[in-house]
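Here are my notes on the model. Please read them with the structure open.

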Amino acid sequence: MVKEQECWFVARTRHGQELSVRERLRELGEEHFIPSQRTLRIRGKRKKEVEVPLIPNLVFLRTTKTHACELANGGQVRLFYVIDRNTHTLMQVPDKQMEDFMKVLDLS
């Protein structure tokens, strides 16, 4: 039996659910990345620092294809995977590109 290789998959979640999905993935011990930034929100006279996703509804998850499908189909996490139009399978991001993406966001 050939062991599946872990890779980064691109998924979407419902509007405004990125941070709760992140918490659920943390609880499950899943490697993930959700690009976000801290920003200051002012409502009336109150100031509050909040975390805001940089790319709405987008989640990156590093796992095997089988496990990725189990997470979404088993109802453990509310994810909808992005399908690559060329391969007609779950969209993947190569490790090097994902590392570069995370470094760029970390610098800003």
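1. Start with Asn57. Setting aside neighbours within four places in sequence, Asn57 contacts Ala11, Arg12, Thr13, Arg14, His15, Gly16 and Glu18. The residue belongs to the loop between E4 and E5. Is Asn57 buried or exposed? Its relative accessibility is 15%, so Asn57 counts as buried. The cut-off for buried is under 20%. Keep in mind that this is a predicted model.

2. Glu18 also appears in helix H1, which spans residues 18–28. The buried residues of H1 are Glu18, Val21, Arg22 and Leu25. They cover an arc of only 105° around the axis, and therefore sit on the same side of H1. A charged pair of names is on that list: Glu18 counts as negative and Arg22 as positive.

3. What do the buried residues of H1 pack against? Their partners are four strands: E2 (31–33), E3 (36–43), E4 (46–53) and E5 (58–63). Asn57, from point 1, lies in the loop between E4 and E5. Look also at the residue just after H1. Gly29 there has a positive phi of about 75°.

4. Next, helix H3. This helix covers residues 95–107 and includes Val104. Is Val104 buried or exposed? At 54% relative accessibility, Val104 counts as exposed, because the cut-off is over 50%. Its C-alpha atom is 31 Å from that of Glu70. Along the chain, Val104 and Glu70 are 34 residues apart.

5. Now the overall fold. The protein chain has three helices and nine strands. Their order along the sequence is β-α-β-β-β-β-α-β-β-β-β-α. Taken along the principal axes, the C-alpha atoms fill a box of roughly 60 × 30 × 25 Å.

6. How much of the chain is buried? Buried residues account for 31% of the 108 residues. Among contacts with a separation of 6 or more, 67% join residues 24 or more positions apart.

7. Last, the surface and the charges. The protein chain exposes about 7,800 Å². Carbon and sulfur atoms supply 50% of that area. There are 19 positive and 15 negative side chains. The centres of the two sets are 11 Å apart.

Notes:
Residues numbered from 1 in each chain as written. Predicted model: local features only at pLDDT ≥ 70, side-chain atom pairs only at ≥ 80, totals over all residues. Heavy atoms only, no water. Helix = DSSP H or I, 4+ residues; strand = E, 2+ residues; numbered from the N terminus. Buried < 20%, exposed > 50% of the residue type's maximum accessible area, 1.4 Å probe, protein only. Contact = heavy atoms within 4.5 Å. Areas by Shrake-Rupley, 256 points an atom, 1.4 Å probe, with all protein chains shown as cover. Charge placed at Lys NZ, Arg CZ, Asp CG, Glu CD. Arc of directions from axis to C-beta.
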